[in-house]
Amino acid sequence: MDRSWMYNIDRLINGNIVNPDFERQLLEFITFALSKPRFADRKNIRCPCNRPKCRNTTFRDPETVKVHVITEGFVPYYYNWVHHGEPRFSLTGYYNHMTGSNTPVPDYAYDLHGNNHESDEVDAVGP
Ligand SMILES: [Zn+2]
């Protein structure tokens, strides 16, 4: 799944009209979060916007989250929605979400502590 839309799509058209493409994807994100059991007993989800007071630390109602993300954008590098009920990606999954590619990254490219050794393997993963 390519999540480059989170940062690559213009959130506004002409600076004041919400881009329907962005809004559609954003609503899918909010629906995803609300579908998770951890949020089922509350109406609010963590706000992933880039306001210093939010950044996945503050719970807000979905309508507020929507407005925040449209005005402030997502907090940087939030491709793996771990604060919204999604399991943490393997490095391969993370890489593919960032790039939208299906390039396999070998499991040994990261260790149990989540450290990324991918840069060490670049030469070995040639065509
Ligand atoms: Zn926010």
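**A tour from Y79 to the core**

Begin by selecting Y79, which lies in the loop between α4 and α5 (91–99); helices here are DSSP runs of H or I with at least four residues and strands are runs of E with at least two, numbered from the N terminus. What you have open is a predicted model, in which local features need pLDDT of at least 70 and side-chain atom pairs count only at pLDDT 80 or more, while totals for chains, interfaces and linings use all residues. Residues are numbered from 1 along each chain as its sequence is written.

Stay with Y79, which counts as buried because it has 22 C-beta neighbours inside 10 Å. The cut-offs are 20 or more other C-beta atoms within 10 Å for buried, 12 or fewer for exposed, and anything in between for partly exposed, with C-beta atoms placed from the backbone. Add R3 to the selection: R3 and Y79 stand 76 residues apart in sequence, yet their C-alpha atoms are 6.4 Å apart in space.

Next, select Y77, which sits in that loop between α4 and α5 as well. Is Y77 buried or exposed? Y77 is exposed, since 10 other C-beta atoms lie within 10 Å, and its phi is positive, near 65°, although Y77 is not a glycine. Most residues other than glycine have a negative phi.

For another such case, move to N56 in the loop between β3 and β4, where a residue that is not a glycine has a positive phi of about 70°. N56 counts as partly exposed because it has 17 C-beta neighbours inside 10 Å.

Now zoom out and colour the protein chain by its elements, six helices and four strands, which follow one another from the N terminus as α-β-β-α-α-β-β-α-α-α. Of the 127 residues in the protein chain, 15% are buried.

Then select M6, F22, L26, F29, A33, I45, C47, C49, C54, V65, V69 and F74, the twelve residues of the largest nonpolar core, meaning a set of buried Ala, Val, Leu, Ile, Met, Phe, Trp, Tyr and Cys residues joined through C-beta atoms within 7 Å. Two elements, α2 (20–34) and α4 (62–72), give two or more residues to this core, and the most come from α2, with four.

Within α4, pick out V65, H68 and V69, which are buried. They lie on the same side of α4 because they cover an arc of only 95° around the axis, the arc being that of the directions from the helix axis to the C-beta atoms. The buried residues of α4 pack against α2, β3 (45–46) and β4 (59–60). Just after α4, look for G73, whose phi is positive at about 80°.

Finally, show α2 together with α4 and look at how their axes, which come within 11 Å, cross at roughly 145°; axes are lines fitted to C-alpha atoms over the stretch in contact, with angles from 0 to 180 degrees between N-to-C directions. Which residues of α2 and α4 meet here? From α2 come L26, I30 and L34, and from α4 come P62, V65, K66 and V69, where contact requires C-beta atoms, placed from the backbone, to lie within 7 Å. The residues of this contact divide into six nonpolar, no polar and one charged, where Ala, Val, Leu, Ile, Met, Phe, Trp, Tyr, Cys and Pro count as nonpolar, Asp, Glu, Lys and Arg as charged, and the others, Gly among them, as polar.

Technical notes:
Two residues are in contact if their C-beta atoms, placed from the backbone, lie within 7 Å.
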